[in-house]
Amino acid sequence: MIKVYSDAATRHNPGLTGLGVLIVKDGKQTQLTGNLQHADNHEGEFAAAKLAFTYLKDHFATNETILFYTDSRLLSDAIGKNYAKHYEKELAELTPLLDYFQLIVTQWVPDQHNHGAHHLANEALHQLE
């Protein structure tokens with residue numbers, strides 16, 4: 001089982017956006033960061049998830065169970081419903097990465113339960129400034 005946490009931090013929404021991903025497997029953590037030069041926060045949340053699942057696809061087998069945590073209700077709902085009004089393109093880019101895995105459980109969590117990814121996203125944002 002792999003636990004995945006993702007988050008985005010945006011300055012001047014839309015604007016500079018930092019991406020943060022924390023992956024936990026067998027007690028070992030992998031931290032990923034990225035950035036976007038101009039995005040709104042929702043675009044950033046999709047991009048952070050895409051960063052996470054691209055890494056997972058490149059490093060883990062299709063039969064891994066993924067527990068995916070996000071503090072974005074829009075992202076969580078979009079994955080659950082396979083629909084994202086105004087963010088169809090972002091969901092279309094993410095869906096093939098999700099489809100690689102046999103079982104993904106997506107759960108919305110409040111901000112305070114997403115500290116690791118939140119911290120990484122803010123670090124990535126500060127590196128842009």
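Five aromatic pairs turn up in this structure when rings are paired by the distance between their centres, and the model behind that count is a predicted one. One of these pairs joins tyrosine 5 and tyrosine 69: the ring centres sit 4.8 Å apart and the planes meet at 20 degrees, so the pair is stacked. Tyrosine 5 belongs to strand β1 (residues 2-10) and tyrosine 69 to strand β4, so the contact between the rings ties together parts that are 64 residues apart in sequence. As for accessibility, tyrosine 5 comes out at 18% and counts as buried. Tyrosine 69, at 14% relative accessible area, is buried too.

Tyrosine 100 and phenylalanine 101 make another aromatic pair, this one edge-to-face, with 4.9 Å from centre to centre and 90 degrees between the planes. Phenylalanine 101 is buried, with a relative accessible area of 5%, whereas tyrosine 100 has 27% and is partly exposed, because the cut-off for buried is under 20%. Both residues also belong to a cluster, in which ring pairs link Phe53, Phe68, Tyr100 and Phe101. An aromatic ring features in one further arrangement: arginine 73 lies over the face of tryptophan 108, 3.6 Å from the ring centre.

Next comes helix α3, which runs over residues 88-99. Its twelve residues span 16 Å from the first C-alpha to the last, close to the 16 Å expected at 1.5 Å a residue. Which residues of α3 are buried? They are Glu90, Leu91, Leu94, Thr95, Leu97 and Leu98. These residues take up an arc of only 165 degrees around the axis, which means that they lie on the same side of α3. Over on the other side, Lys89 and Asp99 are exposed. What do the buried residues of α3 pack against? Their partners are α1 (41-59), α2 (73-81) and β5 (103-108).

That leaves glutamate 64, which is found in the loop between α1 and β4 (65-70). Despite its place in a loop, glutamate 64 counts as buried because its relative accessibility is 16%, and the cut-off is under 20%. Leaving aside residues up to four places away in sequence, glutamate 64 touches Met1, Ile2, Lys25, Phe101 and Leu103. Among these contacts, Phe101 is the residue that pairs edge-to-face with tyrosine 100.

Definitions and conventions. Residues are numbered from 1 along each chain as its sequence is written. This is a predicted model: local features need pLDDT of at least 70, side-chain atom pairs count only at pLDDT 80 or more; totals for chains, interfaces and linings use all residues. Side-chain values use heavy atoms; hydrogens and water are left out. Helices (H or I, at least four residues) and strands (E, at least two) are DSSP runs, numbered from the N terminus. The expected span of a helix is 1.5 Å times one less than its number of residues. Buried means under 20% relative accessible area, exposed over 50%, partly exposed in between (1.4 Å probe, protein chains only). The arc is that of the directions from the helix axis to the C-beta atoms. Contact means heavy atoms within 4.5 Å. Rings of Phe, Tyr and Trp (its six-membered ring) pair if their centres lie within 6.5 Å; planes under 30 degrees apart count as stacked, over 60 as edge-to-face and the rest as tilted. A charge sits over a ring if NZ of Lys or CZ of Arg is within 6 Å of the ring centre and within 35 degrees of the ring normal.
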